[in-house]
Amino acid sequence: MADIAQHLFGPFAGIGALDLPNTELVEPFDGLLGMFYTKIVNQAGHDNAWFAEQAAPAGPGRVLDLCCGGGRSAVELARAGHEVTAVDISPIQLAAAQKRAAEFGVTDRMAFVRADVTTLDLGRAFDAVVIGGLSVTLFDGDARTALLDTVTRHLAPGGRLLFDHAPAQPDEQESEKVFTVPIRLRERTGFVLVGTLRRPGLRTQFTNMSAELTDKECRTTRQLTGFRFWIDSTERVKEELARHGLSVVAAHRDPEAGAEGQSPATMREFLVAERVT
Ligand SMILES: C[S@@+](CC[C@H](N)C(=O)[O-])C[C@H]1O[C@@H](n2cnc3c(N)ncnc32)[C@H](O)[C@@H]1O
């Protein structure tokens, strides 16, 4: 288990430290909070079309989606005609991705693999590797190196890596946002408390979630999680890629950048890198 408690901030740290009954610290992207996360992010689809277009501009190809989560990009890639292998470490996320593939009728163009992307070796090459939803930024240091080794192991010469990250904006200050979302799960009702804390000076962006559900007998259970995205400048990312024989050929701003109410946490940059060695 990742040390979730060290990622908790503000009210979430308070909940974590209180040692409340029926409170469980859970892995990010697993359990009830994993399902909640997927439901929310699967509604955000504006980047999926971009991944599908950029993956193999010459026509449908073989695409590897690392950290596929609930399958929003992987399924869109398959709908665009690509043959997709979707990889994730979480059984909850993979099950959601498989369900989505069936709903969109693209299961025959998809394969699903449960594995750790830092050690994955499928023994075959792809035309493109996609890593969406800021997943690259979950990894830092040796883990980032291992992830990029996985990318180069699976990319055919001339193949493309497509991913997003969330670099700091010019003069960006620290920012924090906390909000609640009501939820209902069968006979239980409650809410999820969601918070993000972005500290560009420390390269960190935390996301915390706490789900509280009360059943008919008024018993409340709580799940709490926290994870960190690392903030990198575009230059730093380019240097890391170059060390892995990957050269950035295009950078696109988030198509939603500038939308009303948007926070720096969602001002993403989308990069296309090609394998040059
Ligand atoms: C931020 S979510 C992004 C999901 C999806 N790509 C999207 O855009 O909606 C990150 C995903 O990475 C997965 N993940 C985290 N660490 C992993 C690892 N070491 N190996 C495989 N999957 C991992 C999580 O289970 C989660 O589904």
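1. Start with the seven-stranded sheet of this predicted model. Its 7 strands form an open sheet with mixed pairing, in the order β4-β3-β2-β5-β6-β12-β11. At the edges you will find β4 (110–114) and β11 (246–253); each has a single partner strand, so one side of each is left without a neighbour in the sheet. Going from one strand to the next, the twist averages 20°.

2. Now step through some of the pairings in this sheet. Strand β2 (residues 62–66) and strand β3 (residues 83–88) run parallel and are joined by 5 bridges. If you want a place to look, find Leu-64, which stands opposite Thr-85 in β3. On to β5: β2 and β5 pair in the parallel sense over 3 bridges, and the bridge partner of Asp-65 in β5 is Val-130.

3. Strand β5 deserves a pause. Its link to β6 is made by 5 bridges, and the two strands run parallel. Here Ile-131 stands opposite Phe-163 in β6. How many of the residues of β5 are buried? The count is 6 of the 6, so β5 is largely enclosed by the rest of the structure.

4. Helices come next. Helix α3 lies across β2, β5 (126–131), β6 (155–165) and β12 (269–275), and runs at about 165° to β6. Helix α6 (residues 142–154) packs on the sheet too, touching β2, β5, β6 and β12, with its direction at about 145° to that of β6.

5. Helix α3 also has a helix partner. Two packed helices are described by the angle between their axes and the distance between the axes. For helix α3 (residues 48–55) and helix α4 (residues 72–79), the angle is about 50° and the axes are 9 Å apart. An angle of about 50° is neither under 35 degrees nor in the range 65 to 115, and α3 and α4 are therefore oblique to each other. Their crossing is right-handed.

6. Which residues make the contact between α3 and α4? From α3 come Asn-48, Ala-49, Phe-51, Ala-52 and Ala-55, and from α4 come Arg-72, Ser-73, Glu-76 and Leu-77. Sorted by class, this contact has 5 nonpolar, 2 polar and 2 charged residues.

7. There is another open sheet to explore, one of 5 strands with mixed pairing, in the order β1-β10-β9-β8-β7. Its edge strands, β1 (23–25) and β7 (175–185), each pair on one side only. On average, neighbouring strands of this sheet are turned by 15° against each other, direction ignored. Within the sheet, strand β9 (residues 204–214) and strand β10 (residues 220–230) pair in the antiparallel sense over 11 bridges. Thr-204 has Trp-230 in β10 as its bridge partner.

8. Helix α2 (residues 31–41) goes with this five-stranded sheet: the helix lies across β7, β8 (188–199), β9 and β10, running at about 115° to β9. Buried in α2 are Leu-32, Leu-33, Gly-34, Tyr-37 and Thr-38. The cover over the buried residues of α2 includes α5, β9 and β10.

9. Finally, a look at α5 itself. Pro-91 lies in this helix, which spans residues 91–103. Is Pro-91 buried or exposed? With 11 other C-beta atoms within 10 Å, Pro-91 is exposed, because a residue counts as exposed at 12 or fewer. Pro-91 and Phe-163 are 72 residues apart along the chain, and their C-alpha atoms are separated by 22 Å.

Note on methods: Residues are numbered from 1 along each chain as its sequence is written. This is a predicted model: local features need pLDDT of at least 70, side-chain atom pairs count only at pLDDT 80 or more; totals for chains, interfaces and linings use all residues. Helices (H or I, at least four residues) and strands (E, at least two) are DSSP runs, numbered from the N terminus. A residue is buried if 20 or more other C-beta atoms lie within 10 Å of its own, exposed if 12 or fewer, and partly exposed in between; C-beta atoms are placed from the backbone. Two strands pair if DSSP finds at least two bridges between them. Axes are lines fitted to C-alpha atoms, for helices over the stretch in contact, and angles run from 0 to 180 degrees between N-to-C directions. Two residues are in contact if their C-beta atoms, placed from the backbone, lie within 7 Å. Angles under 35 degrees count as roughly parallel, over 145 as roughly antiparallel, 65 to 115 as roughly perpendicular and the rest as oblique. A crossing is left-handed if the near helix is turned anticlockwise from the far one by less than a right angle, and right-handed if clockwise. Ala, Val, Leu, Ile, Met, Phe, Trp, Tyr, Cys and Pro count as nonpolar, Asp, Glu, Lys and Arg as charged, and the others, Gly among them, as polar.
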